[in-house]
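Me: I've got this model open on my screen and I'd like a close look at one part of it. Could you walk me through the largest cavity and then whatever else is worth a glance?

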Amino acid sequence: MTEGRLPSSALLPLAYRECRQIAATHGRTYFLATRLLSAERRPAVHALYAFARMVDDVVDRTGHPTAAHDSNPVTEIDRIERDLRAALGSHTGDALLPSHPNPEHDRSREAGLRPRALVLAAVTHTIHRYGIAAQHFWTFLDSMRMDAPGAPSFRNRYATMTELRAYMRGSAAAIGLQLLPVLGTVVPVPEAEPAAAALGEAFQLTNFLRDVAEDLDRDRVYLPADALTAFGVDDDLLFECRRTGRTDPRVRRALAHLIAVNRDLYRRAESGIDLLEPRVRPAIRTAATLYSDILHHIERSDYAVFDHRAAVPRHHRLRVAAAEFTTATLRSRLDR
């Protein structure tokens with residue numbers, strides 16, 4: 001799509017600024033990795049992150065300002081899809097924003113704009129600008145409905161890894177596929193899609209392993225039941241671990257097994273990074289390294305996922321990002 005057909009609203013920069021703030025606040029690892037991207041790519045990545053976060057917050061009711069509280073999650077997800085389809089159909093995000101911005105205000109809260117409208121405007125612009133297949137967004141929203149009580153597809157337990165991966169196809173792999181056109185590839189996009197999907201799934205499974213306790217608090221288990229059962233773990237034992245804050249040896253062994261599965265996903269995704277444009281590889285390697293490091297922190301804590309949330313220290317995140325930047329700079333000079 002040509003630049004002339006893109007949204008031209010004077011408030012579009014404000015929409016991207018809102019997305020950047022959401023990414024900086026809620027996606028520290030991803031936000032740091034985006035600093036290694038070129039300035040022209042960063043806003044699009046922030047928009048895609050903010051859209052995913054917005055829908056996730058609707059489901060989780062975390063209190064983020066993009067999550068409405070006056071109706072059920074299924075209705076809200078349906079409304080988001082309806083608004084996005086309408087915006088994409090009109091080839092613009094302008095309809096979501098006021099046509100006469102107040103020049104005295106340069107922030108969304110002060111201008112009285114809804115964060116949701118800003119996020120939708122930015123993601124609509126991103127989709128058109130980079131030619132992202134809209135189907136990836138509908139696949140994502142379908143998976144989010146699986147998280148929403150009251151939806152026909154709702155489920156809060158998964159019997160097998162195959163079932164869990166069917167969920168992650170929308171919740172994680174689809175996001176990796178959304179990003180590909182923004183990042184750019186040195187091969188036809190379809191050749192890079194399997195690795196991009198695997199990396200999305202790897203990130204998601206890491207989240208599930210890190211957030212076992214928080215998910216239990218919402219009566220959700222995003223770990224395959226058959227893998228847990230193989231180590232003698234059931235719901236009762238998980239809830240007991242959550243109550244006491246102590247990790248039972250059986251749960252520890254199950255988590256160790258699933259971490260090995262998770263690392264295999266990272267290995268499968270690693271070769272795909274070389275299929276991306278050279279300038280974006282350091283950012284994706286940084287994100288993959290930092291996210292996989294969460295698994296190391298779970299292991300080093302002796303799998304104490306029930307009394308605290310594993311996190312990569314800020315100094316380590318900065319060191320990894322700096323190392324990738326230095327390596328990329330040296331490679332660039334050698335290639336000249």
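Reply: Here's a walk around the cavity first, followed by a helix pair and a helix with a bend. Keep in mind that this is a predicted model.

Let's start with the empty space. The count comes to one cavity of 30 Å³ or more, and about 50 Å³ of space lies in the largest cavity. If you want to pull up its walls, select Phe 208, Val 212, Asp 215, Leu 216, Arg 220, Val 221, Tyr 222, Leu 223 and Leu 238, which line it. Helix H9 (residues 212-217) gives the largest share of that lining, with three residues. Sorted by class, the lining has seven nonpolar residues, no polar ones and two charged ones.

Now scroll back to helices H3 (residues 42-60) and H4 (residues 73-89). Their axes come within 8 Å and cross at roughly 155 degrees, which means H3 is roughly antiparallel to H4. On the H3 side, the residues in contact are Phe 51, Met 54, Val 55, Val 58 and Val 59. They meet Pro 73, Glu 76, Ile 77, Ile 80 and Leu 84 in H4. By class, that contact has nine nonpolar residues, no polar ones and one charged one.

Last stop is helix H7 (residues 161-183). H7 has a kink of about 55 degrees, centred on Met 168. Follow the chain to just after H7 and you'll reach Gly 184, which takes a positive phi of about 90 degrees.

Notes. Residues are numbered from 1 along each chain as its sequence is written. This is a predicted model: local features need pLDDT of at least 70, side-chain atom pairs count only at pLDDT 80 or more; totals for chains, interfaces and linings use all residues. Side-chain values use heavy atoms; hydrogens and water are left out. Axes are lines fitted to C-alpha atoms, for helices over the stretch in contact, and angles run from 0 to 180 degrees between N-to-C directions. Helices (H or I, at least four residues) and strands (E, at least two) are DSSP runs, numbered from the N terminus. Angles under 35 degrees count as roughly parallel, over 145 as roughly antiparallel, 65 to 115 as roughly perpendicular and the rest as oblique. Contact means heavy atoms within 4.5 Å. Ala, Val, Leu, Ile, Met, Phe, Trp, Tyr, Cys and Pro count as nonpolar, Asp, Glu, Lys and Arg as charged, and the others, Gly among them, as polar. On a 1 Å grid over the protein atoms alone, a cavity is a set of points where a 1.4 Å probe fits but cannot get out, and a pocket is an open set with protein on both sides within 12 Å along at least five of seven lines; lining residues have an atom within 4 Å of a point. Grid points are joined across faces, edges and corners, and a volume is the space filled by probe spheres set on the points. The bend at a residue is the angle between axes fitted to the seven residues ending there and the seven starting there.
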